Amino acid sequence: MTKHWVAPRFGGSEVLEYVDTDVPSPGPGEVTIDVRAAGMNPADTKHTRQGDPSALPIPIGYEVAGIISAVGPDTTIASGGGAVGDEVIAFRVAGGWTEQLTVAAADVFAKPPTLGFPEAANLLLAGSTAADMIRVTRAEGRDTVLVHGASGAVGVSLLQQLRLLGSRVIGTASEHNADTVRRYGAEWVAYGDGLEARVRDLAPSGITVAMDCVGSDEAVDVSLALVADRDRIVTIAAQQRAAADGFPAVGGAQPESKAFRDSVRQRLIDLAGGGDLEVPVARTFPLAEAKEAATVLESQHPGGKLALIP
């Protein structure tokens with residue numbers, strides 16, 4: 001018996017409940033993980049707001065880091081090997097806001113010793129989303145890229161991954177977060193009235209790629225005004241505008257995106273383990289205080305990633 005967080009009905013953080021659950025022993029192709037940190041993402045509570053009632057109660061959390069406590073018969077984790085006592089990262093899972101869970105070994109990877117548990121637990125959802133945006137826009141070193149929402153979790157991962165490609169990056173953020181944008185190798189520009197003109201002043205030769213992590217009309221309108229090829233604009237937050245204006249929107253539920261995001265997990269872990277991909281963690285909370293943590297998450301201004309610690 002262990003504790004985990006679920007949404008017994010549709011809603012945001014206010015509906016979450018901390019309940020007992022049985023953890024099944026791992027079968028073939030499965031391992032059990034004692035969770036040391038659970039990652040927190042906006043998707044965790046966004047996906048509990050509506051859906052199929054038969055899916056209730058919905059277990060919360062898509063990524064964790066922890067220690068293997070049991071291994072099923074004839075089982076190897078995705079990165080190879082896998083034994084009791086190994087430190088690991090798991091994504092994508094169902095019900096990561098928990099003390100312990102049994103998951104498919106294909107979603108489990110060795111955790112680099114240089115990566116703390118809270119950082120490891122927050123690496124892959126944001127990191128694979130950013131990588132997917134780069135894939136869709138075909139961004140490369142010769143591009144000048146505009147990133148809307150550059151100081152958020154996906155934005156920060158984008159800045160670092162684009163820097164590794166050699167791209168020039170301009171990132172929008174508030175003045176309060178300007179140093180974060182600069183820290184990860186981008187040029188900061190304030191969002192708000194006059195954004196298009198400010199970007200044109202910074203990049204008189206033009207913007208070739210735009211990536212929207214915000215979903216605001218401003219972000220979309222400026223992207224459309226600055227980027228000639230709409231196939232090189234992407235959003236993760238303005239699906240309706242994307243459909244109406246004819247540019248890509250990506251999400252983890254799309255089959256092509258899901259397959260790609262799964263395929264890049266080991267590469268992202270290797271980058272983080274080598275110090276080339278940082279996961280800034282703003283704050284940790286005890287697992288029992290997940291509702292308070294989710295309220296901070298939903299404020300959209302946590303200042304970095306949040307993690308739950310059993």
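**Close-up 1. Strands S5 and S6, with Ile67 opposite Glu87 in S6.** In this predicted model, Ile67 stands opposite Glu87 of S6, and the two strands S5 and S6 run antiparallel and are joined by four bridges. On S5 (residues 64-71), seven further bridges lead to S3, again with antiparallel strands, and within this pairing Ile33 has Ile68 of S5 as its bridge partner. In general, strands of a sheet pair through backbone hydrogen bonds, in either a parallel or an antiparallel manner.

**Close-up 2. The surroundings of Thr32 in strand S3.** Thr32 belongs to strand S3, which spans residues 30-39, and its relative accessible area of 4% places it among buried residues, because buried means under 20%. When residues up to four places away in sequence are left out, Thr32 touches Val23, Pro24, Pro26, Ile67, Ile68, Ser69, Ala70, Gln100, Leu101 and Thr102. Of these neighbours, Ile67 is the residue that stands opposite Glu87 in S6, while Ile68 is the bridge partner of Ile33.

**Close-up 3. The open sheet of three strands, S2-S1-S4.** The strands of this open sheet follow the order S2-S1-S4 and pair in antiparallel fashion, with strand S2 (17-21) and strand S4 (58-59) as the edge strands, each of which pairs on one side only. Strand S1 (residues 2-7) is joined to S4 by two bridges, and Ala7 has Ile58 as its bridge partner in S4. In the loop between helix H1 (42-46) and S4 lies Pro57, and the peptide bond that joins Leu56 and Pro57 is cis, with omega at about -5°.

**Close-up 4. The packing of helices H3 and H9.** Two packed helices are described by the angle between their axes and the distance between the axes. For helix H3 (residues 124-137) and helix H9 (residues 255-263), the angle is about 115° and the axes are 9 Å apart, and the crossing of H3 and H9 is right-handed. On the H3 side the contact is made by Ser128, Thr129, Ala131, Asp132 and Arg135, and on the H9 side by Glu256, Ser257, Phe260 and Arg261. By residue class, the contact of H3 with H9 comprises two nonpolar, three polar and four charged residues.

**Close-up 5. The buried side of helix H10.** In helix H10 (residues 265-273), the buried residues are Arg265, Leu268, Ile269, Leu271 and Ala272. These residues lie on the same side of H10 because they cover an arc of only 160° around the axis. They pack against strand S6 (87-90), strand S8 (108-110), H3, helix H4 (153-165) and H9. Just after H10, Gly275 adopts a positive phi of about 85°.

**Close-up 6. Backbone geometry at Asp74, Arg92 and Arg138.** Most residues other than glycine have a negative phi, and most peptide bonds are trans. Asp74, in the loop between S5 and S6, has a positive phi of about 50° although it is not a glycine, and at 84% relative accessibility Asp74 counts as exposed. Arg138, in the loop between H3 and strand S9 (144-148), likewise has a positive phi, of about 60°, without being a glycine, and Arg138 is partly exposed, with a relative accessible area of 45%. The peptide bond from Phe91 to Arg92 is cis, with omega near 0°, and Arg92 is found in the loop between S6 and strand S7 (100-104).

Key:
Residues numbered from 1 in each chain as written. Predicted model: local features only at pLDDT ≥ 70, side-chain atom pairs only at ≥ 80, totals over all residues. Heavy atoms only, no water. Pairing = 2+ DSSP bridges. Axes fitted to C-alpha atoms, helices over the stretch in contact; angles between N-to-C directions. Left-handed = near helix turned anticlockwise from the far one by under 90°. Contact = heavy atoms within 4.5 Å. Nonpolar A, V, L, I, M, F, W, Y, C, P; charged D, E, K, R; others polar. Buried < 20%, exposed > 50% of the residue type's maximum accessible area, 1.4 Å probe, protein only. Arc of directions from axis to C-beta.
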